[in-house]
Each structure stands twice: as structure tokens, then as C-alpha cells.
Amino acid sequence: MRGDWGVFEGQVFDAYDPAVHVIPDLDGGSLKGRWIIEGWDFGRGERAETAVVWIAVDEDWVEPIAVFHDAGFRNLYPAQIAPKVKLIRSRYGIKEMTCVGDPAGAQRGASGNYFEEYAKHGIFIGPCRVNHKNATRLEDRDTPLANLLA
């Protein structure tokens, strides 16, 4: 894949072009036959934002990978974010997915780590590239996609 894949805080991809990179909206019906990945980046601190993205992958690798929804939650705790995420899942009819998050979410805070906090509210997130007993690892589900996203 072409592009600048360097990583740094506050990174923005300036090569983004909606005419090239945006496909028509997906709805719950058009998600049938697609593997759903829910990705989490946990916000820490007073002004931090937790971001969640939903990605649809065609099981046959014919259609392009599609980000069909994203959400940001600023200054909210897991107990407040979990019901909002469940509502988004229900709008799309998502019942089964692979749910992965930033491995830094395993760092312990005052009330536990993020994986434990969300599990208390019925959202089971596995850290990317780290085995977790409550969630499917991306590498275990689909090696080609894991290699593509690595």
C-alpha cells in the first residue's frame, strides 16, 4: 500500500482524498457476509478522547475494506461510553465482531485497566497483538488482514 506510514502523536494523513477513499454508506443490511472489526483507542486524562471505529471486511476479499462508522467520546468514563457503543452496534444489527484495542489499555489506572472496565459493562476488547482470554485476536481470525494492518 502506498503512503507515508510513519507514526507520531497528532499524526494526520494529508494524502486523504474523499473522491478516492470514500465509498457509499453501508447500512446493517449491506454488512451481511462481512467480518466486522471494532477498534478502540482509549483516551486518558482530562481532555482525552476515546475513539471507536467500525470496519467491514468482505469475507471473500472481493470488496474493499470499509470504515462504516466512527465515534469519539471526550471526558467520559467506560460506564458512560459502553451504552453508547452498544446503541451504535444495535443500529447496525451487529451481533458478532472482533473487538480490538490499543494494548496500552492494559495499563492499570485507579479502577483497573480499560479492558477490565469495559468487560464489566459487557464489552470485551482484546489488545492488538496480545492474547486476551475474553476476545478473539486479530491474528487468530485472519492472518492476511493482520499482516496488512501491522
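Glu117 counts as buried, at 12% relative accessibility. This value, like every other here, comes from a predicted model. Glu117 is found in helix α3, which covers residues 114-119. Its side chain is joined to that of Lys120 by a polar contact of 2.9 Å. The pair also qualifies as a salt bridge, with the closest N and O atoms of Lys120 and Glu117 2.9 Å apart. The two partners differ in exposure. Lys120 is exposed, with a relative accessible area of 57%, whereas Glu117 falls under the 20% limit for buried residues.

The protein as a whole has five helices and five strands. From the N terminus, the order of elements is α-β-β-β-α-β-α-β-α-α. The chain thus opens with a helix and then runs through three strands in succession. Helices and strands alternate after that, until two helices close the series. Of the 150 residues, 34% count as buried. The accessible surface comes to about 9900 Å². Carbon and sulfur atoms account for 52% of that surface. Contacts between distant parts of the sequence were also counted. Among contacts with a separation of 6 or more, 54% come from residues 24 or more positions apart.

The five strands form an open sheet with mixed pairing. Across the sheet, their order is β3-β2-β1-β4-β5. Strands β3 (66-74) and β5 (126-127) stand at the edges. Each has a single partner strand, so one side of each is left without a neighbour in the sheet. At one of these edges, β3 pairs with β2 (residues 49-58). The two strands run in the antiparallel sense, and eight bridges connect them. Within this pairing, Ala51 stands opposite Gly72 of β3. Helix α2, residues 78-92, packs on the sheet. The helix touches four strands: β1 (34-41), β2, β3 and β4 (98-101). The direction of α2 makes about 160° with that of β3.

Charged pairs were examined next. Side chains of opposite charge can pair when their charged atoms come close. The count of salt bridges comes to three. One of them links Glu38 and Arg89, whose closest N and O atoms are 2.7 Å apart. Glu38 lies in strand β1 and Arg89 in helix α2, so the pair ties together parts 51 residues apart in sequence. This salt bridge therefore joins a strand of the sheet to the helix that packs on the sheet. Both partners count as buried: Glu38 has 0% relative accessibility, and Arg89 has 12%.

Another salt bridge is formed by Arg74 and Glu49, with the closest N and O atoms 3.6 Å apart. Arg74 lies in strand β3 and Glu49 in strand β2, so this pair ties together parts 25 residues apart in sequence. These are the strands that pair in the antiparallel sense. Neither partner of this salt bridge is buried. Arg74 counts as partly exposed, at 47% relative accessibility. Glu49 is partly exposed as well, with a relative accessible area of 38%. The Lys120 and Glu117 pair described above is also a salt bridge.

Definitions and conventions:
Residues numbered from 1 in each chain as written. Predicted model: local features only at pLDDT ≥ 70, side-chain atom pairs only at ≥ 80, totals over all residues. Heavy atoms only, no water. Pairing = 2+ DSSP bridges. Contact = heavy atoms within 4.5 Å. Axes fitted to C-alpha atoms, helices over the stretch in contact; angles between N-to-C directions. Polar contact = N/O pair within 3.5 Å; in protein donor to acceptor, adjacent residues only side chain to side chain. Buried < 20%, exposed > 50% of the residue type's maximum accessible area, 1.4 Å probe, protein only. Areas by Shrake-Rupley, 256 points an atom, 1.4 Å probe, with all protein chains shown as cover. Salt bridge = Lys/Arg side-chain N within 4 Å of Asp/Glu carboxyl O.
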